[in-house]
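Let's look at how two chains meet in this model, and at the open space they leave. Have the sequence and structure at hand as you read.

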Protein chains: 2
Amino acid sequence: MAKQTSEAFPMNGGNGPYSYAHNSTYQKEGVDSTKAKIQAAIAEKLDIKHLPSSLKTFTIADLGCSFGPNTFIAVQNIIEAVVLKYKSQGTFSSDVPEFQVLFNDHSSNDFNKLFESLSPEMPYYVVGVPGSFHGRLFPKASVHFVHSSYALHWISRVPPQVVDKSSPAWNQGRVHYASAPNEVLEAYSAQFSKDIQSFLDARAQEMVSGGLMTIIIPALPNETPVSQSTFGAVMDLLGSCFLDMAKMGLMSEDKVDSFNLPLYATSPKELEALIERNGCFSVEGMEALNRPMTHDAAYNAKLCLSHMRATLEGPIREHFGTEIIDELFHRFAEKSAMSSIFINSDGWAIDLLVILKRN
Amino acid sequence: MAKQTSEAFPMNGGNGPYSYAHNSTYQKEGVDSTKAKIQAAIAEKLDIKHLPSSLKTFTIADLGCSFGPNTFIAVQNIIEAVVLKYKSQGTFSSDVPEFQVLFNDHSSNDFNKLFESLSPEMPYYVVGVPGSFHGRLFPKASVHFVHSSYALHWISRVPPQVVDKSSPAWNQGRVHYASAPNEVLEAYSAQFSKDIQSFLDARAQEMVSGGLMTIIIPALPNETPVSQSTFGAVMDLLGSCFLDMAKMGLMSEDKVDSFNLPLYATSPKELEALIERNGCFSVEGMEALNRPMTHDAAYNAKLCLSHMRATLEGPIREHFGTEIIDELFHRFAEKSAMSSIFINSDGWAIDLLVILKRN
């Protein structure tokens, strides 16, 4: 229990200019546009008559919460909607259960910062739960609502084949599967599939029957090959910065060959198939959210840069050391500014909102 | 809920030579000597037949857990005893509930360190709960066992009268109530009484009926005035170091006058009366534990110094700044070595083990 075997890639901590807390505007806009949809899902799909009438505590888990302000906003939305749902069914205010919120992230997440930013006014009991959400985190049948936002696209580890020189999936000269041979994509896809299965298996045990789960995950539209996506183009751009630096002798080519970003962009079709294969959840909704991208390419590039740095700096620093970080992202910024990939206001992927119910 | 209004005095963080984690030998020996007694209390007093037979999760709270290794040892003892109790009543291993442990401390506690030191082998689900245990931390009737070790002698705030120049309880020239006029002692005692009431009120709501609570708290034997106790002598010794430094101009006298240590040594009689006044708990046991003190005065003095520094450095640094810390404890060490107060192997207080049951 409370296994922490998965690799942890914490977001940038603290309050500095590149911290996740200061660079998660992108996610925040996603959370806001999702608010109404999640509230509607709770109003329509949450079956509170199915819960024991003696229920004293309604338990909500936020998986991969990080430590920025977004996690509190999302949880607040969910609680408001659950309270409304109770009241709409004739429950007196005094009989609405108390709320307990389980904030989960890797044990290397900055929980101190998360806890220090709590307000005493929060109308729920706060709990921090360290550990990988690819394994069990909570006791059996103890959770009523699970929320996970911008977290499940992180795979639990880089597939070992892609750094194995003797494997056909060896990903030489690249840091991602975008533009890589098919074997590399397949290795990433297999890892994602395994991760989703272990995620759903664990949640199936932890959630009560009838419990709801909302997942927000960046994805590619169906039938869009990664090599033709803006997401892929951004990954290639970042990869080319690594290669430039290797050519200049600022890092070794071996070091680049042995590094791969643990990010995977699924598609609605792929994700739905994985959920069906698991069999413990029904898909109550799956739709693309509106992206807060603009037609201003320079703005989009800047947003992308700050987001990439806040989220990717951790794994990059761990592999290459701190010295190369500024230079790398400086190069990425320069290449981004000259690139045409941010002109397209469709953004570089879709954000999928998935609503699941525990059978 | 999750109020964090009390003052927080976290133990020294990190892994350095003065960290709480490296200087809690004293507490650890207390925990070990208590092991058998707590296990006996669980065997004799825990009424598992009173719990619902469908209970899936047995919930244990460790209040004021800090982040050292002791907290895990104490919890492990409790779980082993509860499992034994279940088995002794004929419960099959597979029907013993899962365990969830709520590690609580102030939100300024080093939860990151606590979480990083978790082992994946721990046979329970881990949860961190930030906030003052003088208020509500958990939902109603959600906790089966509460443990609190060496935490309740910290009062939630210094009584305001003792820093009020116009009050008869103004504690001029001292940093503690030891050797102070009676008004100062009374102000401390009233604060402790208020704290115990709010502690018990909160636990009464959070614990299930029949739930057990074990408290370990340093105290003075009945009828022992603080001014005649070794505890008082140690506090006076520390106070004299502050005054020496003020006289040398290393800090202002005003600064010393406005500082008071938020520590209170109760007595078995006083504590029992407070528990009875609260009325929600029956006292199932109250006894002094064997102290791990030796006849080696130099050893005792050293142990006391490292313990004092690990636990008191936080509030002292907050008031006086970091600069004075080394000098202060250097002086304290020198005075300790010359003092006769550590010759007495009875130690400077007793450790009370209190066993309570929620009515």
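## Where chain B meets chain A

Two salt bridges are counted between chain B and chain A, a salt bridge being a side-chain nitrogen of Lys or Arg within 4 Å of a carboxyl oxygen of Asp or Glu. One salt bridge joins the side chains of A:Glu98 and B:Arg136, at 3.4 Å from N to O. On the chain B side, strand 2 (98–105), helix 3 (111–116) and strand 3 (125–130) each give two or more residues to the surface touching chain A. Strand 3 of chain B gives the most, with six residues. Helices (H or I, at least four residues) and strands (E, at least two) are DSSP runs, numbered from the N terminus.

This is a predicted model, where local features need pLDDT of at least 70, side-chain atom pairs count only at pLDDT 80 or more, and totals for chains, interfaces and linings use all residues. Residues are numbered from 1 along each chain as its sequence is written, chains are lettered from A and ligands numbered from 1 in the order in which they are written, and side-chain values use heavy atoms, leaving out hydrogens and water.

Here are the residue classes, with Ala, Val, Leu, Ile, Met, Phe, Trp, Tyr, Cys and Pro as nonpolar, Asp, Glu, Lys and Arg as charged, and the others, Gly among them, as polar.

| Region | Nonpolar | Polar | Charged |
|---|---|---|---|
| Side of chain B that touches chain A | 18 residues | eight residues | eight residues |
| Lining of the largest pocket | 17 residues | 16 residues | four residues |

In all, 34 residues of chain B are in contact (heavy atoms within 4.5 Å) with 33 residues of chain A.
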